[in-house]
Each structure stands twice: as C-alpha cells, then as structure tokens.
Amino acid sequence: NWSLVEEVSRQLVCSRATDDEMGCLPRYVGGTRTWLSILNRFEHLLLFDVLLGGHIEHRNGDKATVHSTHSWVCTAVSSGSVMRTGTHYAEFQITGGPSIGIVRPMPSLETDAFGNYCFFIGLPRSGITEFYPTFLAQRSDDWGDGSIHACEYLSGDGTMKWTNWGSTTVEGK
C-alpha cells in the first residue's frame, strides 16, 4: 500500500535501472529508505567534491567527471557518499590507465596537506606509505571492525591492491 508518489518512483527506477543496478538495490524498502529516495540517488550521479594532489580537475566544471592534467598521482573523493554493507555499483568511462579505488570515510582529512600527489595505497616495494599514519588518525566508529581500509584496481594491468594501512596486499599483474 504505497502512496502514488512511491509507486511512480518505483516504476521509474525499475524502468530505467539495468539488471546489475537493480541487483544492487536494497531488498526491502521501508523507513527512511523509500523508492523516492532511491530514485533521487539514481538520478543524481556520484559527485567528486574533493580533489587531492595537483594536476586534477573537474572536466568542464562537472563534479561527476574528473581528469588528470598530468601523470602525477592525484585523487578524486566523493565525500558525501558513504557505503555501508551490501553490494555497490559504479560505472566509469576510462581513458588511459587510471587506478580506481574505494577508501574509508575521513571527513576531517586536511586536503591541503598532500601537495602535488595523494594516494591511499602505497607502493609496498618502494616503502611509499608516508600518509598511512594520517589516514589511521581519521579512524571513527563508522569504520566498524573491518580490516580493509582502502582498495584499488589498476585498469592498465589488472592489478588489485588493498590495505589496512599497516600492510598492503597486491594480487595480479
């Protein structure tokens, strides 16, 4: 017994979403999770509101798209999106060989501290892990008890990495 608004929202989501996207939606709608809220999130793309490191900018002023202006390591963060449990879905149009990753929420992170480069997973063989203490200092109850704090996929060679900011695991290559 949904309202007319909820039923129209449900029909719009179901008519627009792919099977993969539908598979990522919650199984039950209720409370604050309504079809209208799902439609709102579906229609509003992920926005990258925080840019870390130099040589990165929004493409044509659109916060849903970013690009690097140089081969430096730089990072785009969507600070308004926190993933909880369940399956999550994102689609990227890739040019070049970027790394794509996910990191724990760190709302107090000082973005000016990173200069011309920023990465959440260091290079284990080179010992580049200088930001790890800064990231670990951001720990909050929202992190839960999970042991993975950041993960990334290198689209150029298919390598996958994840870290707890104490050690890093690399798979692939």
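A residue counts as buried here when its relative accessible area is under 20%. Keep that in mind for the views below, which come from a predicted model.

**View 1. The buried side of helix α3.** Helix α3 runs over residues 35-43, and its buried residues are Trp35, Ile38 and Leu39. Why do they sit on the same side of α3? They span an arc of only 100° around the axis, so they end up on the same side of the helix. That fits a general pattern: with 3.6 residues a turn, an α-helix has residues three or four places apart pointing the same way. And what do the buried residues of α3 pack against? Their partner is α1, residues 4-16.

**View 2. How confident is the prediction?** The protein chain averages a pLDDT of 77, with 84% of the residues scoring at least 70. Helix α1 comes out highest, at a mean of 88, while α3 is lowest, at 77. As a rule, predicted coordinates should not be read in detail where pLDDT is low.

**View 3. Asparagine 60, out in the open.** Look in the loop between β2 (56-59) and β3 (62-68) for asparagine 60. Its phi is near 55°, which is positive even though the residue isn't glycine. Most residues other than glycine have a negative phi. Asparagine 60 counts as exposed because its relative accessibility is 77%.

**View 4. Tryptophan 165, tucked away.** Here's another loop residue with a positive phi: tryptophan 165, also not a glycine, has a value near 60°. The loop in question joins β7 (159-163) and β8 (168-171). Is tryptophan 165 buried or exposed? Its relative accessibility is 4%, so tryptophan 165 counts as buried.

Definitions and conventions
Residues are numbered from 1 along each chain as its sequence is written. This is a predicted model: local features need pLDDT of at least 70, side-chain atom pairs count only at pLDDT 80 or more; totals for chains, interfaces and linings use all residues. Side-chain values use heavy atoms; hydrogens and water are left out. Buried means under 20% relative accessible area, exposed over 50%, partly exposed in between (1.4 Å probe, protein chains only). Helices (H or I, at least four residues) and strands (E, at least two) are DSSP runs, numbered from the N terminus. The arc is that of the directions from the helix axis to the C-beta atoms. Contact means heavy atoms within 4.5 Å. pLDDT is the predictor's confidence in each residue, from 0 to 100.
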